[in-house]
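Work through the three exercises below. Each has a task and a stepwise solution.

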Amino acid sequence: MASFEGKRPLPLWLRSGRVQTGLVIIFILGICAIFAPYLAPNDPNEQNLLAILTPPAWADGGDPMFPLGTDSLGRCVLSRLIFGARVALTVAFTASVGAMLIGAFFAHVAGYFGGWIDWLIGRVVEIWLSFPPVILSLILMVGLGTGLRNVVLAIILVDWTRFCRVLRSEVIVLRRRDYVSAAQLVGFSHWRTVTREILPGTLPLLITLMSLEMGVAVIVEAILSFVGMSVSSETAAWGQMIADARQNIYEAPFNLIAPIGAIFFAVFGFNILGDGLRRTLDTRLTQTERT
Amino acid sequence: MRMFATIAKLLVKRVLTAIPILLVVSALLFCILRVLPVDPAAMSLPPNATVQEVEAMRKEMGLDRPIYEQYGIWLGKLLQGDIGRSIHFRQDVTSLIGTTLPATVELAVIAMMVATVFGLAGGLFLFYVRGTRAEAVMDFVSILLLSLPEFLWSLFLLLIFGVFFEVLPFTGRLSPGFERPVVTGFLLLDSLITGNISTFFNALEHMILPCLALGIALSPSLMRVLRSSLLDVYQDDYIQQARLRGLSEKRILVRHGLKNAILPTLSLMGVQFGFLFGGTLLVEIIYSYPGMGNLMVDAIRNADLPIIQGAGLTYCIAVLVISIAVDSLYLILNPKLRAR
């Protein structure tokens, strides 16, 4: 172990078991998504009408060619599960980055300038909140039309308020700090004050929220593809697998368990990462709460 | 008396702010759905209609006028309770919503009760085990639970209790053979009014799984807020003082701890219950429950604009009503706000 002694210890946030668990889960999903064509035993869209609704390989009547069985069109469940990670992760990353950028921008503008700008942004957020998120995203999907790009857009348009609401109050606290007034006195521009003095303070919260938002995005995508308002039917998505399995719940209950497990695994990964980050990055938490 | 005056003031204020919100929401709904590449005029006519007929229909529906004028006409009708006719069901949207809304409200209300019971019990338990090893385990479990949305809970409960053990029904509101009494539109209420006890229990049986799914999914966040606000409250001097006065821990918890800690939990509930109302949509689809969620998704699949607009607006009103109701409750329970 001598060789480790000279190394710097891991940063605090990386030493948290929760953060590590979350990162491992996301890493596994990422590997599945990136190397899907190599990992999947079969073509996820290949229909095998002679072998529909086969049970998993370990059950009676299972076929080792289809480790997790097949769906109602004879497509390999495991392969669809692996390819489904692509849609889930693409949506999770792009939608949460988009929602974060828009939400954080308005939060900083509202919190920093205050006055009528703050009032206006506050009212817009209030209008957004009067819509249940599921309903709003469905209506947006009706307006935008289906497809991966529009799913991402709908989630961004619905969820930017999550960032805006929480970050705004953080900005208001930070704006009153002496070092912000000092920066203004020295003659920093508004842009420079916000990016150099306030943003570093809101960053921990922002990162935490983003991690949680990725979990939300995975769920919303699953919901939209469950009701058939997400990617086209040729693309494997976990929500679609659920919708298909729902039709054959008695014949092949396992087909339902597999995508539910996958969604849960992904959302849990993002949530536990977010929780770990919150505990280690939030400077205002007490020491007892952190451990 | 003073309390009623304050609450009345709050109600008036909240209703007045709700009006502009609803106006903007209705305008948004109108615009989002007007950019759709479907022609409402052509859709409301039989497919063999001539071009002239479609043109005449467009004129009659006001589609040839500028969009703000169209919105004005639509809003004017809306205020008279006329949201238009469903293109697909060939029925007035108001009557369609009128028959499905009570079902959704029943579902949401019972689910809220379930969520409240689980949330409070779980929060108290989390608080009770504070500082022990069980806390770390429970804390972890609550993150696990947070990762299962109502959508997955519904499927999960359906699999366990409906398919594997076959102990509970999971489609619709009543088993075949049961007559549906209609008085108020609320099935549970109606079966009680007409004295149909067996219908009442059958309907209740059908609601167990959907309500559990919604309630359980919502409770972890309530648990966590209740626990952390109880932890906050217990830092205050008056708890220590109560201990010095020799009060029992139970009395301290109920009279001093919970009474103060319930407030932050309550304000979270306002937002969460609004979300829960939206969550009914998926639960309804999964359990084939004939509420507004199923109506909405049918309408979306058929591009039935009047229903989408009407149901969207109804969801919005429901969220505002819930949030106003919870705020009033907050005021009743919080003497500090009342005094002002």
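**Exercise 1.** Place B:Leu22 in its helix, then decide: is B:Leu22 buried, exposed or partly exposed?

*Solution.*
- Start with the element. B:Leu22 sits in helix α1 of chain B, residues 2-34. The model is predicted.
- Count its surroundings. There are 17 other C-beta atoms within 10 Å of B:Leu22.
- Apply the cut-offs. Buried needs 20 or more, and exposed needs 12 or fewer. B:Leu22 is therefore partly exposed.
- Look for partners beyond four places in sequence. B:Leu22 is in contact with B:Cys316 and B:Ile317.
- Check the spacing to B:Leu320. B:Leu22 and B:Leu320 are 298 residues apart in sequence, yet 9.1 Å apart in space, C-alpha to C-alpha.

**Exercise 2.** Describe the side of chain A that touches chain B: which elements give two or more residues?

*Solution.*
- Take the totals. Chain A puts 31 residues into the contact, and chain B puts in 36.
- List the elements of chain A. They are α6 (115-129), α7 (133-144), α10 (190-226) and α12 (253-281).
- Pick the main contributor. α12(A) gives the most, with 10 residues.
- Sort this side of chain A by residue type. It has 25 nonpolar residues, four polar and two charged.

**Exercise 3.** Which elements of chain B have the lowest and the highest mean pLDDT?

*Solution.*
- Begin with the whole chain. Chain B has a mean pLDDT of 84, and 95% of its residues reach 70 or more.
- Find the extremes. Helix α14 (residues 335-339) of chain B is lowest, at 64. Helix α5 (residues 93-128) of chain B is highest, at 91.
- Read with care. Where pLDDT is low, the predicted coordinates should not be read in detail.
- Add the model scores. ipTM is 0.84 and pTM is 0.87.

Definitions and conventions
Residues are numbered from 1 along each chain as its sequence is written. Chains are lettered from A and ligands numbered from 1 in the order in which they are written. This is a predicted model: local features need pLDDT of at least 70, side-chain atom pairs count only at pLDDT 80 or more; totals for chains, interfaces and linings use all residues. pLDDT is the predictor's confidence in each residue, from 0 to 100. Helices (H or I, at least four residues) and strands (E, at least two) are DSSP runs, numbered from the N terminus. Two residues are in contact if their C-beta atoms, placed from the backbone, lie within 7 Å. Ala, Val, Leu, Ile, Met, Phe, Trp, Tyr, Cys and Pro count as nonpolar, Asp, Glu, Lys and Arg as charged, and the others, Gly among them, as polar.
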